[in-house]
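I opened my notebook to look up a handful of features in this structure and to write down what I found, one entry at a time.

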Amino acid sequence: MSKLWRAYVAAVEAFCFAGIAAILVIGSMQVVWRYVFNSSLFWSEEAMRYLMIWIVMIGAGLSYSRGQFLGMRLAVDRLPAGLRRAADLLSGLLMLVFLAAILWFGTKFAWMTRLQTATALGFSMFWVHVAITVGALLLALHVALNEFFGIARQEKSEEHPMGAEEAL
């Protein structure tokens with residue numbers, strides 16, 4: 001599992017980095033075309049928007065496993081260990097129910113928009129909206145692995161990687 005998990009994490013990170021690099025290149029091209037060539041790339045804004053949607057949806061699960069989601073744990077962290085674990089399990093269960101609803105309605109929505117085409121890029125909007133389904137599925141996988149099996153959890157370091165002086 002460890003080797004498989006590392007390959008999955010590497011693939012998600014590579015996808016997100018490549019997507020952000022593509023957004024940077026497309027955005028830079030748009031600026032050059034607009035101000036140097038006095039024209040515009042009619043497809044650039046739409047491409048960047050759809051890439052950002054996919055990056056967020058694919059990367060959300062990994063962010064969850066790394067503890068990068070906003071959470072209000074002040075009261076939960078003060079509970080005894082048994083109650084804290086029960087609260088975490090209940091929270092995980094509620095998240096999975098919510099993600100199942102997103103998965104269900106996201107799939108229906110993506111299927112309903114399969115005949116619509118992106119204005120500038122011309123492909124089916126299904127490929128944009130299915131990101132909701134894929135993202136919900138991956139996030140649910142991360143929640144289940146973290147909360148119920150203790151797998152894939154990456155504990156946050158309390159220290160800033162650069163040290164206290166540089167962090168300020």
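Is Asp 77 buried, partly exposed or exposed? I looked it up in what is a predicted model, and Asp 77 counts as partly exposed, because its relative accessibility is 43% and the partly exposed class lies between 20% and 50%.

**Entry on the overall build.** I then stepped back to the chain as a whole, which has six helices and zero strands, so that, read from the N terminus on, its elements run α-α-α-α-α-α. I also looked up burial and noted that 30% of the 168 residues of the chain count as buried.

**Entry on Asp 77 and its partners.** I returned to Asp 77 and found that its side chain meets that of Arg 73 in a salt bridge, with 3.2 Å from N to O. Arg 73 is partly exposed as well, at a relative accessibility of 33%. Salt bridges that share partners join these two residues with Asp 88, and I wrote down Arg 73, Asp 77 and Asp 88 as one network.

**Entry on the other salt bridges.** The structure holds four salt bridges, and I looked up two further pairs by name. In one of them, the side chains of Glu 13 and Arg 66 meet at 2.2 Å, N to O. Glu 13 belongs to helix α1 (residues 2–35) and Arg 66 to the loop between α2 and α3 (74–77), so this pair ties together parts of the chain that are 53 residues apart in sequence. I checked the accessibility of both partners, and Glu 13 is partly exposed with a relative accessible area of 27%, while Arg 66 also counts as partly exposed, at 23%.

The other pair is Arg 49 with Glu 45, whose closest N and O atoms are 2.4 Å apart. Both residues sit in helix α2, and because they are four residues apart there, about one helical turn separates them. I noted 37% relative accessibility for Arg 49 and 45% for Glu 45, values at which Arg 49 counts as partly exposed and Glu 45 does too.

**Entry on two helices.** How do the axes of α2 and α5 cross? I found that the axes of helix α2 (residues 44–65) and helix α5 (residues 126–147) come within 7 Å and cross at roughly 5 degrees. That angle makes α2 roughly parallel to α5, since angles under 35 degrees count as such. I also sorted the residues of this contact by kind, and they divide into 18 nonpolar, five polar and one charged.

**Entry on the surface.** I looked next for a nonpolar surface patch and found one of about 730 Å², made by Leu 89, Leu 90, Leu 93, Leu 94, Val 97, Phe 148, Phe 149 and Ile 151. Of these residues I placed Leu 90, which lies in helix α4 (residues 81–112).

**Entry on a backbone angle.** My last look-up was Asn 38, found in the loop between α1 and α2. Most residues other than glycine have a negative phi, yet Asn 38, which is not a glycine, has a positive phi of about 55 degrees. I added that Asn 38 counts as exposed, because its relative accessibility is 70% and the exposed class begins over 50%.

Note on methods. Residues numbered from 1 in each chain as written. Predicted model: local features only at pLDDT ≥ 70, side-chain atom pairs only at ≥ 80, totals over all residues. Heavy atoms only, no water. Axes fitted to C-alpha atoms, helices over the stretch in contact; angles between N-to-C directions. Parallel < 35°, antiparallel > 145°, perpendicular 65-115°, else oblique. Nonpolar A, V, L, I, M, F, W, Y, C, P; charged D, E, K, R; others polar. Patch = residues over 30% accessible without salt bridge, like charges linked within 9 Å, V, L, I, M, F, W, Y side chains within 5 Å. Areas by Shrake-Rupley, 256 points an atom, 1.4 Å probe, with all protein chains shown as cover. Buried < 20%, exposed > 50% of the residue type's maximum accessible area, 1.4 Å probe, protein only.
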